[in-house]
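Biologist: I'd like a close look at one single part of this protein, taken slowly enough for a first-year student. Could you start with that part and then work outwards to the rest?

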Amino acid sequence: TTTLEGIDYNIKIYTLDDNNNMGIDITADGVIQIQGLKIVPNALLNPYPPKRGGNFIMSTADSELINYENFGTTQHLYYLDYATVNGA
């Protein structure tokens, strides 16, 4: 859980299947934004433009598949603020 731009986000990242595909759930101020979405490297995690707040991206080295064992080394979760996401 973290607060960004005045919004309380709850983020859960987990293994989806036996192939180690990673999924994500994001709630913002208690409202589900995305649930059960497979994480695609280097792409916005919320495919629906938020009306307020920003978006998240999971950056990986060489577009490798998401693997929890690489979190914090070659894979990082970043927040893009509202102005960046919406070109404001």
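Modeller: Let's begin with Asn20, which is partly exposed, because its relative accessible area is 43%, and that value lies between the cut-offs of under 20% for buried and over 50% for exposed. Keep in mind that we're looking at a predicted model. Where does Asn20 sit? Its place is the loop between strand 2 and strand 3. These two strands form a hairpin with 6 residues between them, and Asn20 is in the turn. Its phi is near 65°, a positive value in a residue other than glycine.

Now follow the hairpin away from the turn. Strand 2 covers residues 7-15, and strand 3 covers residues 22-28. They run antiparallel, and 7 bridges join them. For one pair to look for on screen, take Tyr9: its bridge partner in strand 3 is Ala28.

Thr15 is a good next stop, since it links back to Asn20. Thr15 lies in strand 2. Leaving aside its neighbours within four places in sequence, Thr15 is in contact with Asn20, Asn21, Met22 and Tyr68. Is Thr15 buried or exposed? Neither, really: Thr15 counts as partly exposed because its relative accessibility is 38%. The contact with Tyr68 is worth a second look. Thr15 and Tyr68 are 53 residues apart along the chain, yet their C-alpha atoms are separated by 8.3 Å.

Strand 2 has another partner on its other side in sequence. Strand 1, residues 2-4, runs antiparallel to strand 2, and 3 bridges join the two. Here Leu4 stands opposite Ile7 in strand 2. The hairpin of strand 1 and strand 2 has 2 residues between the strands, and Glu5 in that hairpin takes a positive phi near 50°. You'll find a positive phi further along the chain as well: Ser63 has one of about 55°, although it is not a glycine. The place of Ser63 is in the loop between strand 5 and strand 6.

For a contrast with Asn20, try Asn46. This asparagine is in the loop between strand 4 (31-38) and strand 5 (55-60). Asn46 is buried, because its relative accessible area is 9%. Setting aside neighbours within four places in sequence, Asn46 is in contact with Gln33, Ile34 and Asn55. Met22, which came up as a contact of Thr15, is 24 residues from Asn46 in sequence and 15 Å from it in space, C-alpha to C-alpha.

Finally, zoom out to the whole protein. There are 6 strands and 1 helix, and from the N terminus the order is β-β-β-β-β-β-α. The C-alpha trace spans about 35 × 25 × 20 Å along its principal axes. Does the overall size fit a compact globule, or not? With 88 residues, such a globule would have a radius of gyration near 12 Å, so the protein's 13 Å agrees. Buried residues like Asn46 make up 28% of the 88 residues. Among contacts between residues at least 6 apart in sequence, 28% join residues at least 24 apart. The accessible surface comes to about 5,500 Å², and 50% of that belongs to carbon and sulfur atoms. As for charge, there are 4 positive and 10 negative charges, and the mean positions of the two groups are 10 Å apart.

Notes. Residues numbered from 1 in each chain as written. Predicted model: local features only at pLDDT ≥ 70, side-chain atom pairs only at ≥ 80, totals over all residues. Heavy atoms only, no water. Helix = DSSP H or I, 4+ residues; strand = E, 2+ residues; numbered from the N terminus. Rg over C-alpha atoms; globule rule 2.2 N^0.38 Å. Buried < 20%, exposed > 50% of the residue type's maximum accessible area, 1.4 Å probe, protein only. Contact = heavy atoms within 4.5 Å. Areas by Shrake-Rupley, 256 points an atom, 1.4 Å probe, with all protein chains shown as cover. Lys, Arg positive; Asp, Glu negative; His and termini not counted. Charge placed at Lys NZ, Arg CZ, Asp CG, Glu CD. Pairing = 2+ DSSP bridges.
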